Amino acid sequence: MSGHTEQRAARTGTDPTDELPDDETEGPAVGRPDASTDVPARETGPAPSASEQTRRTPSPIPRVPAQARPTDRLPVARDVVGTAAGSSLTDRYVLRQRVGSDQGAGAEFWRAEDTVLRRPVAITVLRRLPADDRSDDPEGAARAGEMVVRALRSGCFEHSGSARLLDVLAPGSEGLPEDVLGAAVAEWVPGRSLTEVVSGGPIRALRAARMVEPLAAAATEAHQQGLVLGCDHPQRIRITPDGRAQLAFLLPRPSVSASDDVRGLGAILYTLLTRRWPLSVADAARAELVAAERTPSGRLRTPSSLRPGVPLELDTLCVGALGHGDGAGRVHTAAAVHRMLTEILAEEDEAALFPPLRDGTASEPDDVWQDEDRVPDARRDPVRRRNLMVGLAVLGVGVLIVLGYLGVQLGSLFGEGRGAPPVVVGSGPPGASAPAQPGASAPVTNASLSVYDPNGDGDNVGTVSRATDGDPNTVWKTQEYRQQLPALKPGIGLMASFVSTEQLSDLVIDSNSPGTVVEVRSAPTPDADFGLTVPITTVTLQQGRTTVPLTQSQPTQHLLLWITKLGGGEGNYVSEIGEVTFDRASP
């Protein structure tokens, strides 16, 4: 590098050391080891004066001339300036503002401008590491190459929970500064950083869950495609104006795995609830966040112990996703995180009629229930008071109507359930009504089957007719799962539909998957929501034929066989059903 400096000095006719200010001629260059330790002394330069020679006489071995150090460090200083605010990458992207860094990945996060399309972009810049002769990758070139290759593989991934990859600058691309090993360009995510969002105080628990839900959905889809997000760093996340957590800066560390993404989801939710980052203390300091507190035994303090009003479900989810749960409390997949968040938010929507618990956060203008200091005092306004009383009266009448309707339905349900056996057996003795008599029932021949999967696309939909073709050797089976239900989905089922309402006495399932657990449920329609189905009985399948008595069931036109536990084991969970037959109760 000193050779380049000498050539420039020859062209300009000046001493290159005169171009540097006094403070840069002292001490090591920024971002590199001290040049005096690894750059040999130059033989050129002005000859020392007589006084300097006199002063050097007592020195043992003057190995580095005084002017060699600042001259040889000049290119290093130029490289650092090349990746400062205002500099460009490949003559297209201009860096505007550095917003963070990931020291573990050797990456810096920049808000930049695409000068061709005139739009803001987010750039993750991979910097060359200070040379370390003890490392197998002294300057991080191999690390950067692996990260760039991983970014190229994820180029087709698009999700609303992650910024879209626009461009990848590979190592050695024309126009990259010498200290840049590569970069990834993504669309800019408007909004605020995670630190800015929590700076005004903790976020409401359910609002925090709504923020993390789209990011958990993105992680789920990425893991299904064999990719990872790298959302375990606080400065990689931004919150959009409409309140969605989104991965803003790409290029995760080479060592990041799907389990790290799960821990990252738990950490983001934990930070929104407590304003504390539970993972790396160094990352928390760089993001200007407070590190999470721990108990004397070293365990992470739960969100509910730091602030009131955090639902138990979110409290358990945070601890389980961060890997601090015990046994069944651990959350291992992003799909499980997303499913739990979805269920929590669905329950909250149903409970919006009732005021939420106080959790120390102020209500927002669009909240249904406002804090007392936000609601105008209507006690001295007779018009508002009268309207309030009318509204309460109407609400009370509506509640009474709903309760009356539910009472009638429950009474009818339990009343018909108790009277069903006498109707089935006719005039026979009461004790003979429970078991189905041999030969007293007839098979239902007009049943049709379809795959019921409210959380997916259905398993082997094209072969479901084999379960009613009369041949037990032709089977319908589920997909092969590496984890037992309900790790990835709550269940998978077969929906049986009849031409008209049928009173069934029993059904027979022929299967070679012993240990499979099946819930038999009645449904109002073939595509009804699972919450509208009514459980009848539960059975564990044996090898071969398993008979399920249905004498106590009500007449139905649609019957759901809901599999809640698969057969098999050791990472290969699958259930097969060779034949399903239905018997009609005798009149």
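**View 1. Strands β2 and β3 pair in the antiparallel sense in this predicted model.** Strand β2 covers residues 93-102 and strand β3 covers residues 107-114, and 8 bridges join the two. Within this pairing, Gln-97 stands opposite Arg-111 of β3. Both strands belong to an open sheet of 6 strands, whose order is β1-β2-β3-β4-β6-β5. The pairing in this sheet is antiparallel. Its edge strands are β1 (88-89) and β5 (165-169), and each of them pairs on one side only.

**View 2. A second open sheet contains 4 strands.** The strands follow the order β12-β24-β16-β19, with antiparallel pairing. Strands β12 (442-443) and β19 (544-549) stand at the edges; each has a single partner strand, so one side of each is left without a neighbour in the sheet. Strand β16 (residues 504-511) and strand β24 (residues 579-584) run antiparallel and are joined by 6 bridges. One residue to locate here is Asp-510, whose bridge partner in β24 is Glu-579.

**View 3. Trp-188 and Phe-249 form an edge-to-face aromatic pair.** The model has 5 aromatic pairs in total. In the pair shown, the ring centres lie 6.3 Å apart and the planes meet at 75°. Trp-188 lies in the loop between β6 (180-187) and β7 (192-193), while Phe-249 lies in the loop between β9 (245-247) and α8 (258-274); the pair therefore ties together parts that are 61 residues apart in sequence. Both Trp-188 and Phe-249 are buried. Together with Phe-109, Trp-188 and Phe-249 form one aromatic cluster.

**View 4. Tyr-452 and Trp-562 form another edge-to-face aromatic pair.** The distance is 5.9 Å centre to centre, with 75° between the planes. Tyr-452 belongs to strand β13 (residues 448-452) and Trp-562 to strand β20 (residues 556-565), so this pair ties together parts that are 110 residues apart in sequence. Tyr-452 is buried, with a relative accessible area of 6%. Trp-562 also counts as buried, at 3% relative accessibility.

**View 5. A nonpolar patch lies on the surface.** The patch is formed by Leu-388, Met-389, Leu-392, Leu-395, Val-399, Leu-400, Val-402, Leu-403, Tyr-405 and Leu-406. Together, these residues have about 1000 Å² of accessible area. One of them, Leu-392, is found in helix α13, which covers residues 382-425.

Key: Residues numbered from 1 in each chain as written. Predicted model: local features only at pLDDT ≥ 70, side-chain atom pairs only at ≥ 80, totals over all residues. Heavy atoms only, no water. Patch = residues over 30% accessible without salt bridge, like charges linked within 9 Å, V, L, I, M, F, W, Y side chains within 5 Å. Areas by Shrake-Rupley, 256 points an atom, 1.4 Å probe, with all protein chains shown as cover. Salt bridge = Lys/Arg side-chain N within 4 Å of Asp/Glu carboxyl O. Pairing = 2+ DSSP bridges. Phe/Tyr/Trp six-rings, centres within 6.5 Å; stacked < 30°, edge-to-face > 60°. Buried < 20%, exposed > 50% of the residue type's maximum accessible area, 1.4 Å probe, protein only.
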